[in-house]
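Open the model in your viewer and keep the selection box at hand. We will go stop by stop, and each stop tells you what to select and what to look for.

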Amino acid sequence: MLSASRAARLALLGTGLLMAGATALAPAASAAPSGGSTIAAYSLAAPRVTAASGLVARAVVPAGAECPALDVADGKGQQAAVPMRERPRPQRTAPAFDAITVCSVAIPSGAVTASIHGRAIPARMPSRIDRLALLGDSGCRIASWGVQDCSDESAWPLARISAAVASDQPDAIIFNGDFFYREAACPAGQQSECGSSPPPVTGLPFTDSAYGWIADSLLPMAPMLAAAPMIVTRGNHEACYRAGNGFFYLFDPREGTSDTCAPVLSEGTLTAAPTVPTPTYAIDLAVAPDRTLRLAVVDSAGGNDVAVDAYAAVQRVAYERAARLTAPRSGRESWLLTHRPIFGIVSTDFAVPGLPFLEWGSADQQAASWGLLEPYQMVFSSHQHIAMAVQIPGQPGQLILGNAGTLLDPATGYPLPAAGPKAVPGQAYPAPSWAWVSDEFGYAIARPQADAGAWRLDMRDASGSTFARCGLRARSLYCASGS
Ligand SMILES: [Fe+2]
Ligand SMILES: [Fe+2]
């Protein structure tokens, strides 16, 4: 509810804010430049220290346009126009992001509708979760070694998946990292597939740009961005030498994080900022009056997938904080969100002759999280470009969804490993009891079941049809193909 005192406070803080009943809108909204030239508008789930409502509104507008107002209304029809503020453009990234301005503001508690330039965005965190959409790894792959056809919705189906997610009317959406894949100029000879894709800006120590993010995420994701609040993790494609600058400018919900990946200037040379985990935070979703799902959002953008190295100790801090945030509490169940899986089986098709092959990926994550997974009913990850579920006895079920549009991993070569991953010297997890793999593009819809900790997860294809069903109960995940 937007109380009178809240309204007065907004009016004092804001510029030209009116609170005059159901029909009046603030001048700030009607005087917005360019008649609604918003490139993208969306709502990000945020830690409570960032937004008391748990939700931040973002608008991406052309550079030079002023930040618009966030128009909100409460359940009694009281309206307000809340000024949005410019989010600082990452330093030393010019001209990569010079085309856009990103605007941000915490959505007031009590808002039931919210819009920017007349475009509705999710106004509040759900009071009760019935459908939760899960997906990750979405961008159109453009690399020197291969490309997707970014203009073919079968070859790169993110726009279809986004529309299908929206049509499922989820209460919230978890996007588990790896937004950005346009990391190279379109190779000569493949212009018919990716010729119109914005290339990286030459001379900068990273690969993303405003136009790259517009093409790879903001436009194709528009339907799902309008559908529900987004809970977002950072993938390794959002490392600082890749697309970290755009990620922190556009999609990190926290205040003051835009410069996390700002390049470092030393002796006249720009180099990429180091990739280190940002602090873990928690998002709570109400499932029932006496039941809450806590999501521990871990930044696993860095780390070695094939060997445990010194980064594991750096990464461990993120998992320790996640475990503290999810300490057992009556009525609370928890999932760990981390882009790189803890228990992901790597296809033997990736084996390189003459080199040792590790059937379990994400070595640094296994070491970093060793002994810290007790709080979770499920670990949800992406990173591997496939749909996968793995159960290791005594551990939380591992769900992997990295099939939201980017080029898929091999469909074959996933025999059940005879032994569990070796996390740290002398320590190994038990052998997995089962695993399920599908190379279908898509996403999942998770629906809570009556028992605490129990969920049904429907695997949807790019058209929104169910191709497999999974169940989570007592930390055990099980999947079976078929509708
Ligand atoms: Fe990926
Ligand atoms: Fe990844």
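**Stop 1: a hairpin**

Select strands S3 and S4: they form a hairpin with five residues between them, and Gly77 in the turn has a positive phi of about 85°. This is a predicted model, in which local features need pLDDT of at least 70, side-chain atom pairs count only at pLDDT 80 or more, and totals for chains, interfaces and linings use all residues. Residues are numbered from 1 along each chain as its sequence is written, and chains are lettered from A and ligands numbered from 1 in the order in which they are written.

Helices (H or I, at least four residues) and strands (E, at least two) are DSSP runs, numbered from the N terminus. Two strands pair if DSSP finds at least two bridges between them. S3 (residues 69-73) and S4 run antiparallel, joined by five bridges. Pick Ala69, and find its bridge partner in S4, Pro83.

Stay on S4 (residues 79-83). How many of its five residues are buried? Four are, so S4 is mostly covered. A residue is buried if 20 or more other C-beta atoms lie within 10 Å of its own, exposed if 12 or fewer, and partly exposed in between, with C-beta atoms placed from the backbone.

**Stop 2: the core**

Now select Leu70. Leu70 touches Ala57, Val82, Met84, Val105, Ile107, Ala114 and Ile116, leaving out residues up to four places away in sequence. Contact means that two C-beta atoms, placed from the backbone, lie within 7 Å.

Leu70 is among the residues with the most contacts inside the largest nonpolar core, which has 142 residues. Others on that list include Ala57, Ile107 and Val165. A nonpolar core is a set of buried Ala, Val, Leu, Ile, Met, Phe, Trp, Tyr and Cys residues joined through C-beta atoms within 7 Å.

**Stop 3: two domains**

Colour domain 1 (4-121) and domain 2 (132-239 + 275-481). These bounds come from an automatic or database domain assignment. The domain centres, taken over C-alpha atoms, are 30 Å apart. At the join, 17 residues of domain 1 are in contact with 19 residues of domain 2.

Which element gives the largest share of the domain 1 side? Strand S1 does, with five residues. That side has 15 nonpolar residues, two polar and no charged. Here Ala, Val, Leu, Ile, Met, Phe, Trp, Tyr, Cys and Pro count as nonpolar, Asp, Glu, Lys and Arg as charged, and the others, Gly among them, as polar.

**Stop 4: a helix with one buried face**

Select helix H5 (residues 210-218). Its buried residues are Ala210, Gly212, Trp213, Asp216, Ser217 and Leu218. Look down the axis: they fall within an arc of 150°, so they line one face of the helix. The arc is that of the directions from the helix axis to the C-beta atoms. Their cover includes S1, S2, strand S6 (100-106) and helix H7 (244-251).

**Stop 5: a two-faced strand**

Go to strand S24 (residues 434-438). Ala435 and Val437 make its covered face, while Trp434, Trp436 and Ser438 make the uncovered one. In a regular strand the side chains alternate between the two faces of the sheet. Add S20 (residues 387-391), which runs antiparallel to S24 and is joined to S24 by five bridges. Gln391 stands opposite Trp434.

**Stop 6: a helix residue**

Last, select Glu320 in helix H8 (residues 311-325). Glu320 is partly exposed because 15 other C-beta atoms lie within 10 Å. Add Leu372: 52 residues separate the two along the chain, yet their C-alpha atoms are 6.7 Å apart.
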